[in-house]
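Please look through the sequence and the model shown here before reading on. The report that follows starts with the backbone and then turns to the ligand and the domains.

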Amino acid sequence: MLVHICCAVDSHYFLEKIQEEFPNEEIIGFFYDPNIHPYNEYRLRYLDVDYSCKKLGIRLIEGPYNLEEWLKKVKGLENEPEKGDRCTVCFDDRLETTVKKAIELGHDKFTSTLLISPKKSQDKLEKIGAELTSKYDCEFIFRDYRSGKGSQEQGLVVKENSLYRQNYCGCLFGLSAQREHQDKVMDEMFNPISNQILPESIESRLELYKKRDDLEEKNIPYKIIKQRFLNYRLMSGITKIDKKIIPSYFLCYSTLNRNSMNGRIEYEKDEIAYLNRDEVKVLSLKSFNEIGNSTYQTVKDLMFNPPTFESELNIRNKVTNNPYGLSTILVVDELIDGKYEIELNALIYEDVKEVII
Ligand code: SF4
């Protein structure tokens, strides 16, 4: 039997039940989900499914990530609500590709872990499955493992196995509608030019779950817990001195009242300039390198290859001696005495992240 898998949260319990019910069946997992966006989220969900399948002793096959074709299929349905017509097309695509793969591999049965997902219409999936059964002469196995105590048991399995619990269905359209409704920053779509790994970004989750796999492999005890914290995203920042834009690097947690300021250097000490407005501090690259123990040659170099977010936070703390500081700290190649104009668009917001202890 070929089992289409959408994510480990849905697949782990579903596969356990399928293994129980079909003990003599060769069960193969098929991860085919070009709907998942962005690509790193796709990689993260695959990593988690791979980990889960290994635990269950199930062979896993990865399908193609043909995002462009998927986007063409749902064109015109971008604004449909979840469970609407876009989802029907999404199910059609994933189930039809699965049945074709099942036939290619010589299977006579196929199914999908989408059946256990609480936000998916089982009726719709059953109907699509039945149509594909008659079209391809390959039996769709419909099972409702979520009724009764199913969802509760599924939740326990997810916790026991430290699986990645994503908080959106998968596609860009569902994600943007959900974040808009929640009035929440869509930080899944942030990817800075510096490639710095930001707190509670998909990239940071990917690192965390790779670490989980490593600890599991080495049999080292661990637990994933949640922590509430203040998150930060820099949207844009520009520094002009005497009307000329200069390369500048804004340290994390830099914010500005009203997003812009004009000022001049009021005081200078140890290559750190203190402007006369909005508590702005300007560091020369030389002082930044000294404080951070780094060897950057230019600010542009720093912009494209910054230290880790945590190291940057340490530098901020050393400069301000204030762990809750939100004043703007920027780094420039050299301190210049002139008229500073700074525009900064940054967000600070309450967030929750997972950490391994
Ligand atoms: S919301 Fe989920 S099921 Fe619906 S189209 Fe997006 S990814 Fe597919």
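## Backbone and ligand site

Pro 38 is placed in the loop between β2 (28-31) and α2 (39-56), where helices (H or I, at least four residues) and strands (E, at least two) are DSSP runs, numbered from the N terminus. The peptide bond that leads from His 37 to Pro 38 is cis, and its omega is near -5 degrees.

This is a predicted model, in which local features need pLDDT of at least 70, side-chain atom pairs count only at pLDDT 80 or more, and totals for chains, interfaces and linings use all residues. Residues are numbered from 1 along each chain as its sequence is written, and side-chain values use heavy atoms, with hydrogens and water left out.

Two residues that are not glycine have a positive phi, and they are set out below.

| Residue | Phi | Loop | Relative accessibility |
|---|---|---|---|
| Ser 162 | about 50 degrees | between α6 (150-160) and α7 (172-182) | 16%, buried |
| Arg 258 | near 60 degrees | between β8 (248-250) and β9 (260-263) | 66%, exposed |

In these terms, buried means under 20% relative accessible area, exposed means over 50%, and partly exposed lies in between (1.4 Å probe, protein chains only).

Helix α4 (residues 85-104) gives the largest share of the shell around the ligand, namely five residues. With its 20 residues, α4 reaches 29 Å from its first C-alpha to its last, which is close to the 28 Å expected at 1.5 Å a residue, the expected span being 1.5 Å times one less than the number of residues. Among the buried residues of α4 are Arg 86, Cys 87, Cys 90, Phe 91 and Arg 94, and these five names also appear in the list of residues around the ligand. After α4 comes Gly 106, which has a positive phi near 85 degrees.

The list around the ligand also includes Asn 35, Trp 70, Glu 82, Cys 169 and Cys 171, where a residue is near a molecule if one of its heavy atoms lies within 4 Å of it. By class, this shell has six nonpolar, one polar and three charged residues; Ala, Val, Leu, Ile, Met, Phe, Trp, Tyr, Cys and Pro count as nonpolar, Asp, Glu, Lys and Arg as charged, and the others, Gly among them, as polar.

Finally, the chain is divided into domain 1 (2-184) and domain 2 (229-356), with bounds that come from an automatic or database domain assignment. The centres of the two domains, taken over C-alpha atoms, are separated by 44 Å.
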